Amino acid sequence: MQFIDLSAQQRRIRDKIENRIKQVLDHGQYIMGPEVKELEEKLADFVDVKYCISCSSGTDALLIALMALEIGPGDEVVTVPYTWISTAEVIALLNARPVFVDIQPDTFNMDPDRIEAAITPRTRAIMPVSIYGQCADMTRINAIAAKHDIPVIEDGAQSFGAIHNGRKSCGLSVIGCTSFFPSKPLGCYGDGGAVFSNDGALVEKMRQIRNHGQKVKHQHPLVGINGRLDTLQAAILIEKLKIFPEECRLRREVGQRYNGLLSGTAGIQTPVISEGNDSVYAQYTILSEERDTISTALQGKGIPSVAYYAVPLHLQGAFSPLGHKSGDFLVAERVASQCLSLPMHPYLTAEDQERIAETITSPTS
Ligand SMILES: Cc1ncc(COP(=O)(O)O)c(C=O)c1O
């Protein structure tokens, strides 16, 4: 059994993808070819925002967003310690300071009740993460940010396709960023990402930053990065996007089936989806004090599982200059010590899920 089975999807649309790749090979515009624009228009439509800028990864999407907001030395960005390292890495890369706020114990997303205490006169942005495919409480986060006149960047790397109060992830705040890493809900066959916004001026800036700060050829009003999405990846994503709405539905079905099989099991906390949210279950993550026993039992039956994220960011060496210690973010630390992500993809069968659930409910038998 695979943790994320990408081959099942590929089997479904391989001829279409090959055809799209062939078109790129035929026209030969490997950088910023016509597929890039076509994809950006389709993605913007999907998210229901005015603009999409595709880029080289989810990490670069976040970096481009922060650079466009001119975040730099001495600035603070409020974010969470329970996420993939990119979220805080890009803040540190710009010599700004990640200011962590703890997460909610049920959704594992930024706890809106803790944000105001973290805001200082140096706060330049709030960057919540929509973890495991469920949007953070963007409604409350946006309201707090608006009160303090601070922009919100949603790190929607895991939540592309998710819905919050009727609107799509990445279209919920001033800037939304996502990742097309192969294992993400919408993934390409390499690295890729995108930035979304309705703010024309910011978009113009982000478009330039993505391409070496270039406005027109050989004119560089801004310092930028080489952050473009390859035409080949755009071509692949165009085909994958066609079946993505159906895959989001299948993901929800798989997530709900897991809930049915596992909820109520003593010692297991299953994912909690807040009212108004619809998750795409980038990961299906349970909590258990017996995490290691369960993981070993699963492994014994050839079932992969991963502890995403076993070490929260405030305890990572990369962020030791921030001076945090164990106990600073108790919810994140507890979740990190108990989390276990199970096999999850749109094509996971009910039989496989039943086998996984049986092993979890009686790991020692
Ligand atoms: C929450 C989060 N943010 C950012 C990223 C970075 O995306 P990428 O791997 O495309 O750079 C990821 C990818 O795992 C992620 O999960």
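**Close-up 1. Polar contacts between the ligand and the side chains of Asp 155, Gln 158 and Ser 179.** In this predicted model, a polar side-chain atom of Asp 155 is placed 2.7 Å from a nitrogen atom of the ligand. Oxygen atoms of the ligand are approached by two further side chains: a polar atom of Gln 158 lies at 2.9 Å from one such oxygen, and a polar atom of Ser 179 lies 2.7 Å from an oxygen of the ligand. The ligand taken alone exposes 390 Å², of which the protein buries 92%.

**Close-up 2. The pocket and the shell of residues around the ligand.** The space that the ligand takes up is the largest pocket, and helix H3 (58-68) and helix H4 (86-93) are the elements that contribute two or more residues to the surrounding shell. Helix H3 gives the most, with three residues. In total, 17 residues surround the ligand, and the closest of them are Gly 58, Thr 59, Asp 155, Ser 179 and Lys 184. By residue class, the shell divides into six nonpolar, nine polar and two charged residues.

**Close-up 3. The open sheet of three strands, in the order S7-S6-S10.** The pairing in this sheet is antiparallel. Strand S7 (167-168) and strand S10 (277-278) stand at the edges and have a single partner strand each, so that one side of each is left without a neighbour in the sheet. Strand S6, which comprises residues 163-164, is joined to S10 by two bridges, and these two strands run antiparallel. Within this pairing, Ile 163 has Asp 278 of S10 as its bridge partner.

**Close-up 4. The cis peptide bond from Tyr 308 to Tyr 309.** The peptide bond that leads from Tyr 308 to Tyr 309 is cis in the model, with an omega near 5°, whereas most peptide bonds are trans. Tyr 309 belongs to the loop that lies between helix H9 (291-300) and helix H10 (330-338).

**Close-up 5. The backbone at Asp 149, a residue with positive phi.** Asp 149 is found in the loop between helix H6 (138-148) and strand S5 (153-155). The phi angle of Asp 149 is near 55°, which is a positive value in a residue other than glycine. For comparison, most residues other than glycine have a negative phi.

Key: Residues are numbered from 1 along each chain as its sequence is written. This is a predicted model: local features need pLDDT of at least 70, side-chain atom pairs count only at pLDDT 80 or more; totals for chains, interfaces and linings use all residues. Side-chain values use heavy atoms; hydrogens and water are left out. A residue is near a molecule or strand if one of its heavy atoms lies within 4 Å of it. A polar contact is a pair of N or O atoms within 3.5 Å; within protein, one must be able to donate a hydrogen and the other to accept it, and residues adjacent in sequence count only if both atoms are side-chain atoms. Accessible areas come from the Shrake-Rupley method with a 1.4 Å probe; for residues, only the protein chains shown count as cover. On a 1 Å grid over the protein atoms alone, a cavity is a set of points where a 1.4 Å probe fits but cannot get out, and a pocket is an open set with protein on both sides within 12 Å along at least five of seven lines; lining residues have an atom within 4 Å of a point. A molecule sits in a cavity or pocket if more than half of its atoms lie within 2 Å of its grid points. Helices (H or I, at least four residues) and strands (E, at least two) are DSSP runs, numbered from the N terminus. Ala, Val, Leu, Ile, Met, Phe, Trp, Tyr, Cys and Pro count as nonpolar, Asp, Glu, Lys and Arg as charged, and the others, Gly among them, as polar. Two strands pair if DSSP finds at least two bridges between them.
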